Amino acid sequence: MLTRIADLDIVFIGYDEPAREAHWQDLVTKAPRALRIDGVQGFTSAFQAAAKAARTERFVTIDADCRMEATFLDHPLADDALNSNKVLSWPTRNVVNGLAYGNGGLKCWTRSMLLSCRTTDAEHVDHVGDFGFIFESRVFGTCHPNGSPMQAFRSGFREGVRLGLVKGAPVGLDGLNRDLPPNNLRRLAAWCTIGTDVHLGNWCILGAREGCLAAQTASLDWALLADYERFATYFAGVSERCSGAPEAVSRAAGERLRAAGFAVADLAPGESAFFRDQLADAVDVVAFDSLGNEYHSGRDLPKHPEQAFAAYLTGALLGHGNAMNNVARCYRDGTGVAADPVAAQNWLLDAAAVGNHWALLRLGKAALKAGDSAAAAGWLERAVRAGNAEAVDLLATLGQAEPGETGRR
Amino acid sequence: MSRDWIPVRDLDVFFLSFDEPDADAHFADLRQKHPAAKRIHGVKGFDSAHKAAADASRTEHFVTIDADNIVDPAFFELALDGGVLQPRTIVSWPARNVVNGIVSGNGAVKCWPRGFVLEMRTHENAIGDEGRVDFVYNTELERADGSFPWDEPAPMSTVYGNATPVQAFRAGFRAASRLTLVNGRPCLVTHGSAAIWPTNLQRLDLWLNVGADAPNGLWTLYGARLGCWLVNFAELDVTVINDLAWFDHYFETELAPRFGPAAATTSSDPEAPDPRLVAAVAELGDKLQRRSGLRIVELGAAASALFKRLYQPPPLTGLDRMGTMLRRGIGVRRDSTTAAAYYRAAAAHGERNAIHNLARLLLMGDGVRRDYRHGAALLKEAAALGDPYAQERLAGLYLRGMGFGIERDPAEARRLLEAACDGRLWRAGEAAARLREAAPRDEHDAARALIYMTFASFVDTDTLPERTALRAAATATEGESC
């Protein structure tokens, strides 16, 4: 029976990553039996090649721009996740900007899910593609997207595009602050700001800024994202524009973003290091909320309300507003835990205190229902500031004459 | 298990003010949110002020709010869990600092047991009456003052410690200089910044660098840098930070001549900062960085504001400790199921103690469904991360063999016990030595056995915990015995 990462085959997948040889050497000192796939073009083909090479049904892949921590090998895997038909994905910390979230360079697949995948490489715009994912919270490695100017620019560009999408569509430059989920807004700003002190970090920042601008101003050639050769041609043009040094062009892009009200900054190297150290994600707290949702819905993991509640509560204790909100819902409905309306209200208030817009909206609505329009205005104004669209309308119905926000200045 | 709830509104609420410039406005705000709030004003000293509140309180537990805070209206809608309102448990809610975005776990809104406060030993001799920093723990869970701290996850107030230059200066000075203390003594000269506990160092980094965008924020930065400098490199007695009059005096005699007589009363505008102040902050930063190795960056107002927008305070510390309070029913009502969530959250940071504690719950089926396989795997992980207690426990399981990937393996048990002993868990030494003596010829090593036996003698018999490695070896496995 499988219990730890060390029990699974580990496959290193390289293509053109400039530092792949060094990263491979690093890997084999930690995991001497690791396998390697090199130079297979296309996302699906490369991962299918890895599946063919692996001898265990569940196996782990590590992208060639990543380094794994040795402690990952001792990390145990939960049965429910292992037995699901999902890809497990661990965040890796980006050495340019310190972010660690969602899809990192460490993943655990089943051979059959990859070998039965019929999607061609050309159809794969996004890595997430056909597969369902379980996102893990702990960070077990670093991601080094700065091996060459093009690699750095491309990694920034992709995220600059992707983080600005809501349901696959751009929100427009003026919609960034308003419509993006808070986490994505924060990450996008970090990509566009942090890294001036890191080797080739300015290319990363330029990529993020230009990717964001292109996507939000409808000037993006979407085929770029899937086609490496096309991207190389595109990058040749960018490089020419920059005459080899991205700083000036990057500043101009930053100026355009600031003009649209999107806060990015041109940091001195010392400031950049300060930002990265202080903003680096120690753990991806969102993962517990997602896991709770999986157990709650029973779509890909067995439906298990108690496990869902436990996952939500863990995320809530780590300070995640959505998870607090879900804990409140579980107490309200008595799912996974005995119903307790007082506990439900407590967690809803906690979620509001950390700025969760759903919680603020619900408290605003409850106050409206109770006829306390002053309190309602207070909650709703905060909900609006936290990015809740419905609260804008509700607040409008309250009228402009209401007293201003309470308890804030 | 149903819980008894006590609404915050039913508790006496006290606003503690001394000389905070915005105290009247903040009290008015508080009264608007909670009309029954009472004010304790002008009582000198942390201990005396809290005892005054306890004296006036008609409820068994009461709430205090520091005068430089504005409370989130959500707070007064909360209800407190009767299981947490125990005779020696102090509940606190984190507070967010408006100048630098720091969310302090040991916040400015607290709920106290009245009887405890009336009898508590004085805080006046403790330097950090606000910070967790120099609160010493008697045991794993209990503080030197006999209390059990319990931290809630959501911040319920915002600290505005920047109403005037003097207040902003004082806030920075006190907080930052206190963060350079290790065992109550300034550490930068003797041990360097590496001696500062990582969480505190991270916080100090913020005090020293963020805030240029806030009104009087430059004064906070100046105070923070000066506090570190004077206490560590100019032999200023650190206890002055408890003497509020000292700050007024210092401002008048040292700073007014330098920054102009109106400096104390003229708020510093982040849009148009006094160039003398900007230069003084930078000069001090430069000096401090060269002598101490502490990081100094000069964030302009825009960068400081952006930083605060992006900053997400790290999750609560002490989750593992609170998990153990819940598991053992110390300071709070026993609840192993909730304890597991606390351990899981702490384990998400890779806190090896918490991984070990979670493994124990799984092996015992305490509060969670018993799961030997998962428990064994987590125990191995904690041991691999170097937790000596997990290594000792795992060694006990290897001596018996429990299945689930842990088959009988005395050599592995010996290796783990030696590692535990190397990690200063001296009591593991005796069993390690005996196993070394009994090992087959190729691993037999009398000299090493003697070394570990010597280590074992370091154990103070008074503190010898009830569970030694030998007992673990002699008794049934954890799972079977419970």
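Which residue in strand 7 of chain A is the bridge partner of A:Arg58? Keep that question in mind while we look around this predicted model.

**Stop 1: chain A as a whole**

Select chain A and colour it by secondary structure. You should find 18 helices and 11 strands. Along its principal axes, the C-alpha trace spans about 65 × 55 × 40 Å. For a chain of 409 residues, a compact globule would have a radius of gyration near 22 Å, and the 23 Å of chain A agrees with that. Of these 409 residues, 51% count as buried. Now think about contacts in chain A between residues at least 6 apart in sequence: 70% of them join residues at least 24 apart.

**Stop 2: strand 3 of chain A**

Next, select residues 58–63 of chain A, which make up strand 3. Five of its six residues are buried, so this strand is largely enclosed by the rest of the structure.

Add strand 1 of chain A, residues 9–14, to your selection. Strand 1 and strand 3 of chain A run parallel and are joined by five bridges. To see how they line up, click on A:Ile10, which stands opposite A:Val60 in strand 3 of chain A.

Then add strand 7 of chain A, residues 106–110. Strand 7 also pairs with strand 3 of chain A over five bridges, in the antiparallel sense. Here is the reply to our opening question: the bridge partner of A:Arg58 in strand 7 of chain A is A:Thr110.

While you have strands on screen, try showing some side chains. In a regular strand, side chains alternate between the two faces of the sheet.

**Stop 3: an open sheet in chain A**

Now show strands 4, 9 and 6 of chain A, which form an open sheet in the order 4-9-6 with mixed pairing. Strand 4 (66–68) and strand 6 (93–94) of chain A stand at the edges. Each has a single partner strand, so one side of each is left without a neighbour in the sheet. Zoom in on strand 4 and strand 9 (residues 141–143) of chain A: they pair in the antiparallel sense over three bridges. One pair to pick out is A:Met68 with its bridge partner A:Gly141 in strand 9 of chain A.

**Stop 4: where the chains meet**

Bring chain B into view. Here 43 residues of chain A are in contact with 50 residues of chain B. On the chain A side, select helix 7 (182–191), helix 11 (269–279), helix 13 (305–317) and helix 15 (341–353), the elements that give two or more residues. Helix 15 of chain A has the largest share, with seven residues. Colour this side of chain A by residue class and you will get 23 nonpolar, 13 polar and seven charged residues.

**Stop 5: a bent helix in chain B**

Move on to helix 7 of chain B, residues 244–259, and look along it: it bends by about 35° at B:Phe251. Which residues of this helix are buried? They are B:Phe247, B:Tyr250, B:Phe251, B:Leu255 and B:Phe259. Helix 4 (165–179) and helix 8 (275–292) of chain B are included in what covers them. Just after helix 7 of chain B, find B:Gly260, which takes a positive phi of about 100°.

**Stop 6: the domains of chain B**

Finally, colour chain B by its assigned domains: domain 1 (5–158), domain 2 (165–310), domain 3 (318–385) and domain 4 (394–482). The centres of domain 1 and domain 3 of chain B, taken over C-alpha atoms, are separated by 29 Å. Their contact takes 11 residues from domain 1 and 10 residues from domain 3 of chain B. On the domain 1 side, strand 9 (residues 148–151) of chain B gives the most, with three residues.

Key
Residues are numbered from 1 along each chain as its sequence is written. Chains are lettered from A and ligands numbered from 1 in the order in which they are written. This is a predicted model: local features need pLDDT of at least 70, side-chain atom pairs count only at pLDDT 80 or more; totals for chains, interfaces and linings use all residues. Two residues are in contact if their C-beta atoms, placed from the backbone, lie within 7 Å. Helices (H or I, at least four residues) and strands (E, at least two) are DSSP runs, numbered from the N terminus. Ala, Val, Leu, Ile, Met, Phe, Trp, Tyr, Cys and Pro count as nonpolar, Asp, Glu, Lys and Arg as charged, and the others, Gly among them, as polar. The bend at a residue is the angle between axes fitted to the seven residues ending there and the seven starting there. A residue is buried if 20 or more other C-beta atoms lie within 10 Å of its own, exposed if 12 or fewer, and partly exposed in between; C-beta atoms are placed from the backbone. Domain bounds come from an automatic or database domain assignment. Two strands pair if DSSP finds at least two bridges between them. The radius of gyration is taken over C-alpha atoms; the globule rule is 2.2 Å times the number of residues to the power 0.38.
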